[in-house]
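Here is a short report to read with the structure on screen. Turn the model slowly as you go, and look for each part when its name comes up.

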Amino acid sequence: MSTRLADPRALGHRRGAAVAARATHDKVIAVCGGTGCRAQGAMKVFAALAAEMDAHGTDATVAMRATGCHGFCERGPLVLLLPEGVLYQHVKVEDAAEIFEKTLLGGEVLERLLCEDPATGLRHRTEQEMPFYHHQQRVVLSDTGQLDPTSIDDYIALGGYSALVRALEMGPEAVLEEVKRSGLRGRGGAGFPAGRKWEACRHAQGDLRYVVCNADEGDPGAFMDRSILEGNPHCVLEGMTIGALAMGAREGYVYVRQEYPLAVEHLSAAIERSRELGLLGDGILGSELTFDVRVSRGGGAFVCGEASAMMASLEGRRGVPHRRLIHLSEHGLWGRPTNVNNVETWANVPHILLRGADWFRSIGTEGSTGTKIFSLVGMVNNTGLVEVPMGMTLRQIIFDTGGGIPGGKAFKAVQTGGPSGGCLPADKLDLPVDFDTLVAEGSMMGSGGMIVMDEETCMVDVAKYFLRFLASESCGNCTSCRDGLTILHDLLGDITEGRGTRETIALVEQVADTVEATSLCALGTSAVNPVLSTLRYFRDEYLAHVDDKRCPAGVCKALISFSIDAELCNGCMLCARRCPQDAVAGERKQPHTIDQELCIKCGICKDVCKRDAVLVQ
Amino acid sequence: MSDIQTTDGRVAAVLAGYPQHGPGDLVNILHDLQAEFRHLPEEALQETAAYLELPRAQVYGVATFYHGFHTEPRGEHTCTVCMGTACHVRGAPRLLEQLERDTGIAAGDTTPDLSLTVEEVSCVGACALGPLVLIDGEYHGHMTGERLSRLVEDLLDKEERP
């Protein structure tokens, strides 16, 4: 019997069966199967819970599901129990029996596994009670925690592919119009209106055209696209298929970073299942639409996130960007009209088609419609993925959703926009986050990385970090980028190693201007943002490095020294034992001292000291 | 660059997975070859160039352009320190330094006995777990110096046992 869905009615039947199958279970154990939770042992927890289920013989009434990412990765492995909605954090294999017997069968909530709010010490039972989820508005991520990403029926049960049916009814022109009217802008960073790009591709001359999904999420500190592809690959495929319909494309590519193996696995499986059901291939759902998607793995080059470099990589060449005298929408992959959008942009498309452009416009701000997913990471209490309406302020995201800075330390800066973005200080926290506002302040919203930094982060070191990254990722085509970024990195090295003067800072600014003005692609032109934004907002810190030869945050090794506070030290000898240089001397129960000649400033003594007796000056 | 490793038909087996081959398959093929050989032997690059009817220079250019490909033999095990921004502000550089001290090799290098390669990666997108280290591709989050030393010791110990 063929499993192909001959028409939208067949899809409807399939949905009915899938919904019914999900409804036969009274209870669901949803174990987060995202990379973050897996890294903390989620699949072992899943196996332990499954074994409990076998032992109790309750599989008729209880369903088990390894779902997509729930977002609260730091607290993983996460286990969600439905229909009550109780969310357990840091679940271990040893907890499985108790969860099964007490909570699932006995209805008793295990207090110790509930998420504790670091700010208030309160333990919350459900996602909605937690500040981390409470302030979010989940659209793109709404289903990831509900479905098994390897099951197409789960996606169909939750309404999947009904947006495609709607698009087929509307026809290409109306779909294009709806996307244009929604104001959807590209989520990859540049924020170009998606509808306008689609329109240009649709009207470009050519027999074949391509749609491409940019899943080369290269910004360090960002993992929005990874979680979408891993957790709900079908919504990306559905978005691309709708795009193909609107633009008249027959082939699509998803260009995925090689660092994301689980995303490749889930996406490839989703493509296979879609082909089997005729949701990809010839005559999709009985219509005239023919479209298929291939997965192409990246090779580990940041610059390939740049669309023209990505085209080169897809064509089997080195990922070197070229001058786009003609837009890719006219002359893209293999010289044919091509439309590139990133994962999150494609994932928004089904929602726009189903709920309408007006609904989409009602979220966010006038110029930045819809929600945006951020990876809220670094020195912040609640780290993970958050989806909020655009226009929310940095403060709301970092302090309300993120719960502020751990350990009672002070907020220092937030880095947004990846290596093309910048660092903003505390007095910019009330700025709304959208496509345009942060640009005026020397940063950008970018693709959604949001790295919070506390008082123990050195901003010169952060700028140097980004330059090191970008210098190694420069494709080498433009002299100004290839050599300029290395020169800038070396100059910042002079500053952090105590050789810098005020002239060094002036030279940094001069070289940065040149790199910005004379590089071809956005990697080079925006590479100077981290250094320029830190110079703009944290100049005092640069001056402390060059004038006083001091690193106020206690990071730059050449400018700091480690010592032991004799009052606080109780002579436990922990640091003496762990010091790789044998630089710590002292008798048991006597204050220790550090031999500055031997000390390599590795910081291990500070890490292991339980009494905060190691001082950094 | 001489390469004494014979590929014994293993390259052909990988290439056979791309029956409708075109130049666009190059990066995917290189990934598969590397999964097979742990690095890209010269012979494999030459066979690939012939199969795809591409200049050897293009194949070699692609193999050396991307950070994910390696033309030199790699260690039995790989220890990768994530250097993403979130990991950086949570102390990744110090973990890498310690790893280099513990193993005596620099990031990007392999021990002479080919037991271990130490490397850094720009970001693996598991930022909430930073600082993060991957051992043979397996994630280990919230890493500390002490745990890392132990993990690497265990990894190499296992090798020595019969």
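The text below begins with the two chains as wholes, moves on to where they touch, and ends with two details.

Please keep in mind that this is a predicted model.

**The two chains**

Let us start with chain A, which holds 25 helices and 19 strands. Its radius of gyration is 26 Å, close to the 25 Å that the globule rule gives for 617 residues, so chain A is as compact as a globular protein of that length. Chain B has seven helices and four strands. If you follow chain B along its sequence, you meet them in the pattern α-α-α-α-β-α-α-β-β-β-α.

The table sets out some values for each chain.

| Chain | C-alpha span along principal axes | Buried residues | Contacts at least 24 apart, among those at least 6 apart in sequence |
|---|---|---|---|
| Chain A | about 80 × 65 × 40 Å | 55% of 617 residues | 71% |
| Chain B | about 50 × 40 × 25 Å | 40% of 162 residues | 60% |

How is each chain divided into domains? For chain A, the domain assignment gives domain 1 (21–133), domain 2 (160–361), domain 3 (371–454), domain 4 (459–547) and domain 5 (561–616). Measuring tools in your viewer can help you here: the C-alpha centres of domain 1 of chain A and domain 4 of chain A are 46 Å apart. Chain B is divided into domain 1 (10–65) and domain 2 (77–160). The C-alpha centres of domain 1 of chain B and domain 2 of chain B are separated by 29 Å.

**Where the chains touch**

Now look at the place where the chains meet. Here 45 residues of chain A are in contact with 39 residues of chain B. On the chain A side, the elements that give two or more residues include helix 2 (35–39), strand 9 (292–297), helix 13 (307–314) and helix 25 (604–608) of chain A. Strand 11 (371–378), strand 15 (449–454) and helix 18 (459–473) of chain A are also among them. What kinds of residue make up this side of chain A? They divide into 17 nonpolar, 19 polar and nine charged.

**A helix in chain B**

Next, find helix 6 of chain B, which runs over residues 92–103. This helix has 12 residues and reaches 16 Å from its first C-alpha to its last, close to the 16 Å expected at 1.5 Å a residue. Which residues of helix 6 of chain B are buried? They are A92(B), L95(B), L96(B), Q98(B) and L99(B). These residues cover an arc of only 165 degrees around the axis, which puts them on the same side of helix 6 of chain B. An α-helix has 3.6 residues a turn, so residues three or four places apart point the same way. Just after helix 6 of chain B comes G104(B), with a positive phi near 75 degrees.

**A residue in chain A**

Finally, return to chain A and pick out T593(A), which lies in strand 18 (residues 593–594) of chain A. Why does T593(A) count as partly exposed? There are 15 other C-beta atoms within 10 Å, and a residue is partly exposed when this number falls between the limits of 12 or fewer for exposed and 20 or more for buried. Leaving aside neighbours within four places in sequence, T593(A) is in contact with I564(A), A585(A) and G586(A). Of these, I564(A) is 29 residues from T593(A) along the chain, yet their C-alpha atoms are separated by 5.9 Å.

Terms used:
Residues numbered from 1 in each chain as written. Chains lettered and ligands numbered in written order. Predicted model: local features only at pLDDT ≥ 70, side-chain atom pairs only at ≥ 80, totals over all residues. Contact = placed C-beta atoms within 7 Å. Domains from an automatic or database assignment. Nonpolar A, V, L, I, M, F, W, Y, C, P; charged D, E, K, R; others polar. Expected span 1.5 Å × (residues − 1). Arc of directions from axis to C-beta. Rg over C-alpha atoms; globule rule 2.2 N^0.38 Å.
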